[in-house]
Amino acid sequence: MSRLAYSNKAILAPMVRIGTLPARLLALKYGADIVYSEELIDHKMLQCKKIVNHILNTLDYVAPDGKCIFRTCGAERERVVFQMGTCDAERALKTAKMVEDYVAGIDVNMGCPKEFSIKGGMGASLLKQPQKVKEILSTLVCGVSRPVTCKIRILPTLEKTLELVKIIESTGVAALAVHGREQDERSHHPCHYDVIREIARVLSIPVIANGGSGDVKSYSDIAKLKQLTGCTSVMLARAAQWNLSIFRKEGPLPVSEVVKEYLKVAVDYDNPFPNTKYCVAQMLYDQVDTPFGRKVLGTTSMRELCNIWELVPYLDEVEAQRSKFIDGLSLNDQKELGVASFVPTASKRRKMEVETTEDGTMELFVQFVKREYQQWVTSPKSVLLEWLRTQSLPPPVYDTVERSKDRLFKSTVRVGSDRYSSSFWSKSKRSAEQAAALVALIVNGVDSCCGPLETTPLNDQQTTPLDDQQTKLHAHTGAFP
């Protein structure tokens with residue numbers, strides 16, 4: 001992979017919740033040269049397990065609770081910059097080493113003014129600690145094979161700002177992104193283009209201008225921003241958040257068309273519904289108070305959101321291909337690929353292999369994923385309780401334990417004389433109980449969302465191991481090996 005260059009580039013800025021994989025891929029499709037991930041905190045990344053997801057052709061960094069913290073794919077590999085939040089050089093290096101083979105660059109957020117960053121000693125709090133800035137950046141430059149950069153805000157005086165950026169340049173970073181506002185200033189305050197221009201004048205490394213989205217209405221305005229700041233590269237945040245096609249040289253597309261394309265990518269890569277809905281709402285920022293905007297905000301599932309843009313057939317096609325692929329996986333493959341985060345389909349539930357522990361507890365490797373139940377306004381526990389009532393059986397009893405080494409939870413539910421549990425350890429007591437209830441429902445042939453699939457007594461049921469043969473899924477470009 002060639003080394004990423006930062007001169008003369010149009011760049012998607014790092015934006016929390018916005019800069020997930022669908023937005024990055026769409027920005028690249030529309031013409032962005034480089035895309036930054038959302039800021040990801042080092043200690044959170046260090047808890048993650050790296051999983052090659054053959055279902056989506058992605059590389060996933062998954063937290064102990066099963067949540068995907070960072071997802072990337074081959075299509076962006078040579079142009080994605082991983083941005084981290086950190087206040088510790090050693091932790092920063094460990095985090096960078098986790099991802100360096102799968103991204104084009106490493107960036108440190110040294111400008112975020114949010115309270116959680118400041119209290120954690122990250123973001124803009126680093127602007128007042130030049131020696132720590134030097135330590136973190138020098139450690140990364142010496143320790144990773146990818147180009148290292150950082151993104152800052154300006155300080156109250158030009159003198160202090162120039163002192164800091166010269167220290168940053170001395171560490172060997174490949175480029176410097178400068179948001180032309182101070183820590184306490186927000187988007188309604190004017191961007192200090194004169195300070196960015198002076199920084200670009202005194203440094204020999206590429207300086208990336210950021211903070212001018214209010215002056216960028218089309219791709220041609222990027223050139224004007226370069227002239228105003230003396231920078232060869234421009235990084236766009238809000239302008240891209242509102243319309244990712246801002247990177248099109250031919251001019252931006254209608255927002256509704258961009259949203260439709262965004263939803264397709266979100267479906268392709270199984271982007272969580274809450275994040276997808278949030279990003280769509282940001283694109284509709286000036287329409288959210290209209291009847292149409294309120295309709296979007298009122299959606300409770302990916303299906304409802306896709307229906308507004310007439311994409312339900314597309315969603316059904318992708319989900320059918322995905323389910324077919326998952327149904328072809330063995331239980332070991334499920335564990336390896338982490339596909340327990342998918343709610344089992346009806347056919348899959350009837351084929352899953354139950355493992356019985358020494359004390360007679362029936363176990364499956366499944367995880368409760370709250371977002372999968374939002375469209376049903378229900379949960380495995382409530383479905384199990386209602387089903388037991390219809391069977392004239394007593395309510396379930398849950399026994400939950402906490403694992404001391406990582407504070408994860410596992411629950412066992414007693415249903416009559418039978419016991420059920422998930423072998424997946426959950427982040428919370430509530431999720432562990434939901435997972436145990438989900439196992440009880442699956443084993444007894446009860447649909448956790450829509451009611452009974454079969455009500456055959458457990459003793460009369462037979463379980464069959466999943467077939468090891470895998471089915472080829474909808475192809476995505478740039479799969480990881």
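Leaving aside residues up to four places away in sequence, Asn 275 touches Arg 17, Thr 20 and Tyr 262. That is how things look in this predicted model, and Asn 275 makes a handy way in. The residue sits in helix α11, which covers residues 273-283. Its relative accessibility comes out at 13%, and because the cut-off for buried is under 20%, Asn 275 counts as buried.

Stepping back to the chain as a whole, there are 18 helices and 19 strands. Of the 481 residues, 55% are buried, and Asn 275 belongs to that group. Contacts also reach a good way along the sequence: taking those between residues at least 6 apart, 66% join residues at least 24 apart.

Next comes a sheet. Five strands make it up, in the order β13-β14-β17-β16-β15, and the sheet is open, with mixed pairing. The edges are taken by β13 (355-356) and β15 (397-403); each has a single partner strand, so one side of each has no neighbour in the sheet. At the β13 edge, the partner is β14 (residues 362-364), joined to β13 by two bridges, and the two strands run antiparallel. Looking at individual residues there, Thr 356 has Met 362 of β14 as its bridge partner. The sheet also has a helix packed on it, namely α18 (residues 429-443), which touches β14, β15, β16 (408-415) and β17 (418-422). The direction of α18 makes about 40° with that of β16.

Helix α18 has a helical partner too. Two packed helices are described by the angle between their axes and the distance between the axes. For α17 (residues 380-390) and α18, the angle is about 45° and the axes are 8 Å apart. An angle of about 45° falls outside the ranges for roughly parallel (under 35 degrees), roughly perpendicular (65 to 115) and roughly antiparallel (over 145), so α17 and α18 are oblique to each other. Their crossing is left-handed. On the α17 side, the contact is made by Pro 380, Lys 381, Val 383 and Leu 384, while α18 brings in Glu 433, Gln 434, Ala 437, Leu 438, Ala 440 and Leu 441. Sorted by class, that contact has seven nonpolar residues, one polar and two charged.

The loops around the sheet deserve a look as well. Between β13 and β14 lies a loop that holds Gly 360. With 35% relative accessibility, Gly 360 counts as partly exposed, because the value lies between the 20% and 50% cut-offs. Along the chain, Gly 360 and Tyr 420 are 60 residues apart, yet their C-alpha atoms are separated by 8.9 Å. Elsewhere in the sheet, the loop between β15 and β16 is the place of Arg 407. The phi of Arg 407 is near 60°, a positive value in a residue other than glycine. Arg 407 has 59% relative accessibility and therefore counts as exposed, the cut-off being over 50%.

Another residue with a positive phi is Asn 57, whose value is near 60°, and this residue too is not a glycine. Asn 57 is found in the loop that links β4 (49-53) to β5 (58-62).

How values were computed. Residues are numbered from 1 along each chain as its sequence is written. This is a predicted model: local features need pLDDT of at least 70, side-chain atom pairs count only at pLDDT 80 or more; totals for chains, interfaces and linings use all residues. Side-chain values use heavy atoms; hydrogens and water are left out. Helices (H or I, at least four residues) and strands (E, at least two) are DSSP runs, numbered from the N terminus. Buried means under 20% relative accessible area, exposed over 50%, partly exposed in between (1.4 Å probe, protein chains only). Contact means heavy atoms within 4.5 Å. Two strands pair if DSSP finds at least two bridges between them. Axes are lines fitted to C-alpha atoms, for helices over the stretch in contact, and angles run from 0 to 180 degrees between N-to-C directions. A crossing is left-handed if the near helix is turned anticlockwise from the far one by less than a right angle, and right-handed if clockwise. Ala, Val, Leu, Ile, Met, Phe, Trp, Tyr, Cys and Pro count as nonpolar, Asp, Glu, Lys and Arg as charged, and the others, Gly among them, as polar.
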